[in-house]
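Me: I have a model open and some terms to sort out. Can we go through them one by one?

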Amino acid sequence: MKKSLIEKTADKLVSAFINNKMIAPLPTKFTKTLSEAEKLRKLCESKIKDPIIGFKAAGTGIPVMKKLKEKKPFYASIFEKNFIKSGKKVKINKSTLGIELEVCYLIKKNFFSSKGSITMKNVTKHISHMATCIEVIGYRQKKKGITSFGDLCSDFGANVKFLIGQKKKYKKINIGNLKTNIANKKIGQSVNGNTNTVYINPLNSLRFVLNELKKDKVSLDKDFYVFTGSTVGVVPILGKGLYTGKVAQLGSAKAIIH
């Protein structure tokens with residue numbers, strides 16, 4: 001039986017993901033709109049045997065959402081192979097888009113048996129820990145730039161690597177207004193941010209992802225991470241070496257770019 005275009009495209013992208021290879025840009029049919037991109041993302045993710053350790057929220061910057069005429073963020077699965085310890089090396093290439101600094105939460109697995117929708121009032125009961133996280137983002141295609149959320153979503157959410165700092169037991173802090181900074185001292189690059197740039201705040205971003213998981217009937221049999229989106233936007237990687245990201249009251253995470 002002849003394979004459909006979406007099946008052929010998914011097979012190429014999955015092979016690139018598994019083997020760390022680059023492929024030609026995807027057909028625009030799968031990148032132009034978020035709805036088409038999500039179909040490809042879900043198909044690709046279903047073909048990966050690596051365990052899922054969590055999910056990322058993406059497109060959480062409201063100004064970017066407005067600029068690209070998108071109505072909401074999206075989420076993508078994060079696989080074990082892309083989850084590494086803070087301070088480890090990350091190899092980049094010409095299709096790397098940049099580096100991000102995020103708040104992440106460890107969610108108890110009993111979330112999956114919870115009833116009803118997740119609200120700002122009940123979201124925190126599902127959290128066990130929180131941490132600072134660095135995400136390196138990019139494509140597995142020979143392409144640059146972002147014209148729509150579909151560009152990012154279609155390519156496994158454009159996630160390359162996640163590096164998580166020390167986890168802290170969850171407690172209530174002013175998560176909607178914490179100063180953040182990511183810097184590479186060696187090359188004199190430093191970018192300031194704030195947690196209030198993340199879809200109102202990281203807890204609201206978490207609420208969005210958890211409701212999307214419920215809607216899509218996703219279930220895991222273990223605790224899992226949710227990465228809530230960048231507090232500094234997409235920071236261009238201007239040079240190699242150590243990038244340190246800090247979130248006030250939460251801690252730091254590090255990545256060595258090479």
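Here are short questions and answers on the chain as a whole, then on one sheet.

Reply: Go ahead. Keep in mind that this is a predicted model.

Me: What makes the chain agree with a compact globule?

Reply: Set two values side by side. A compact globule of 258 residues would have a radius of gyration near 18 Å, and the chain has 17 Å, so the two agree. Along its principal axes, the C-alpha trace spans about 55 × 50 × 35 Å.

Me: What share of the residues is called buried, and by which cut-off?

Reply: Buried means under 20% relative accessible area. By that rule, 54% of the 258 residues are buried.

Me: What supplies the exposed area of the chain?

Reply: About 12,600 Å² is exposed, and carbon and sulfur atoms supply 55% of that.

Me: How many side chains are positive and how many negative?

Reply: The chain has 50 positive and 17 negative side chains. The centres of the two sets lie 6 Å apart.

Me: Now the sheet. Why are β4 and β10 called edge strands?

Reply: The open sheet has five strands, in the order β4-β13-β12-β9-β10, with mixed pairing. β4 (89–90) and β10 (189–194) each pair on one side only, and that makes them the edge strands.

Me: How do you know that β9 and β10 count as paired?

Reply: Pairing needs at least two bridges between two strands. Strand β9 (residues 179–184) and β10 have six, in the antiparallel sense, so they count as paired. Within this pair, N184 stands opposite Q189 in β10.

Key: Residues are numbered from 1 along each chain as its sequence is written. This is a predicted model: local features need pLDDT of at least 70, side-chain atom pairs count only at pLDDT 80 or more; totals for chains, interfaces and linings use all residues. Side-chain values use heavy atoms; hydrogens and water are left out. The radius of gyration is taken over C-alpha atoms; the globule rule is 2.2 Å times the number of residues to the power 0.38. Buried means under 20% relative accessible area, exposed over 50%, partly exposed in between (1.4 Å probe, protein chains only). Accessible areas come from the Shrake-Rupley method with a 1.4 Å probe; for residues, only the protein chains shown count as cover. Lys and Arg count as positive and Asp and Glu as negative; His and the chain ends are not counted. The place of a charge is taken as NZ of Lys, CZ of Arg, CG of Asp or CD of Glu. Helices (H or I, at least four residues) and strands (E, at least two) are DSSP runs, numbered from the N terminus.
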